[in-house]
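Got the model open in your viewer? Turn on side chains and follow along, one selection at a time.

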Amino acid sequence: MTWADAFRLVGRELRRRAGRSALTVAAVALAAALLTALVTIAQTAQTRVLSEVTTGGSLAGIKVAAAAPDPTQIDRDNATPGPPKPLDDSALRRVRSLPNVDSVYPVVSVPVVVLAPPRIAVPGTPANAVGSGVPGLGPDEPYGDSLVGVSVDQAARLPITLLAGRLPTSTNEIAVTPDFLDRLHIPQKQAATVLGVTLEFGFPRGFRRGSSRSMWLHPVIVGVAAQDAGTGQLIGTLGLAETGRDWILAGGAASAASFGLQPTTYTGLFVIANRLDKVATLRNRITAVGYSTSAPEQLIASVQRYLRVVEIVLAGIGLIALVVAALGIANALFAAVRERRREIGVLKAIGARDRDVLRIFLIEALAVGAVGGVIGVALGAAVAASVGLAVNRYLASQGIAPLHLAISLVVLGGAVVGAALLAGLAGLVPAARAARLPAREAVESG
């Protein structure tokens, strides 16, 4: 019996028992779809949180302070700055030229004097419980804080998470942090309450004989965002922070120092490594330049371990589904052997050998597995893409860059091949049983 004859017999048998074949293919397809979707989602999580981060992202970011490193620093996640070392444009260019640097973003933190805002009404909450201004201060009484100026157009790559509203785009707008809400006794779930409120704050400047005055601004609060780019409860554009820095420094270095501002162009840099595994190396290079650095290396290591566990668990669930489908294939083939005993006997009577019968049943199992694998892979990729769209909508609502679905051709091809091979293994025992049937017994049993 030739291979062509075997394929013709398999095709005829699958058409004759179309219902059973369709159900078996469907079982394999669902299992392959589950495996493909789970592995794709797991790989996407790995890509978004780790691999995409390794090619530039906030978790691969290194905070650089305008100070020398502390040689006694033990916990590398919390740098303790040493003597001030200014960060200027030349330092920015030097850091940017270091190997393994993907991008560098300047950060300017400026001290401000904020007037305690008046009581803000929060729907559904007693007026004396929330929005009652700063504790211990009446309306229009000032308190000290800081404004963090960043490149808001690159917020997706900075450690900034939008919680409500949007980020400021001009000097007439400002965003606040959850700590600002806590100061006003406003629950974070009511963050939208502060949107549209005009906040009054000023950049202080010292003058001779100990006098001081501030340059007052009245920006509108347009957003609430959590941030780790710098210290401060207000977030503004880089241009606004630079304006405030220049105003304060115009009063002299001593005056600026009294307000807590270092005489430096930038108070910090946020450096993104081009690969996650290069963060430690890049930190050492920046330290060698003479600056204090900090990065969430311990967090990254923990995330890597947890994601690996999730990936293993999801892949295991998919493999279990494939094994269940393989058992279904084996059961279907055992039934086919029982039903086709007479046919097997006739084949052997006209000269078919045991290996020819074995070949027929194995081809049938492999065909069912391959067809089911192709359908399942397409279905699984579609499910993963749908999940990716839903996740991207959520990320967009949070002001976070969208993820890129990691649909790997290796995974897709491997799922098809794996489904076919697993089906072949499942059909091996029924095929061997069919091959061992004596011709006379098989014919008589019909």
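Start by selecting D145, which is buried at 12% relative accessible area (buried is under 20%, exposed over 50%, partly exposed in between, with a 1.4 Å probe and protein chains only). This is a predicted model, where local features need pLDDT of at least 70 and side-chain atom pairs pLDDT 80 or more, while totals for chains, interfaces and linings use all residues. Residues are numbered from 1 along each chain as its sequence is written, and side-chain values use heavy atoms, leaving out hydrogens and water.

Now add R183: its closest approach to D145 is 3.9 Å between N and O, a salt bridge (a Lys or Arg side-chain nitrogen within 4 Å of an Asp or Glu carboxyl oxygen). That pair ties strand β3 to helix α4, 38 residues apart (DSSP runs numbered from the N terminus: helices are H or I with at least four residues, strands E with at least two). R183 itself is partly exposed, at 23%.

How many salt bridges are there in the whole structure? A search finds 5. For another one, pick D102 and R157, 2.6 Å apart at the closest N and O atoms. D102 sits in strand β2, and R157 is 55 residues away in the loop between β3 and β4.

Next, select F201 and F203. Their rings pair edge-to-face, 5.6 Å centre to centre with 85 degrees between the planes (centres within 6.5 Å; under 30 degrees is stacked, over 60 edge-to-face, the rest tilted). F201 is buried at 0%, and F203 is buried at 0% too.

Notes: Phe/Tyr/Trp six-rings, centres within 6.5 Å; stacked < 30°, edge-to-face > 60°.
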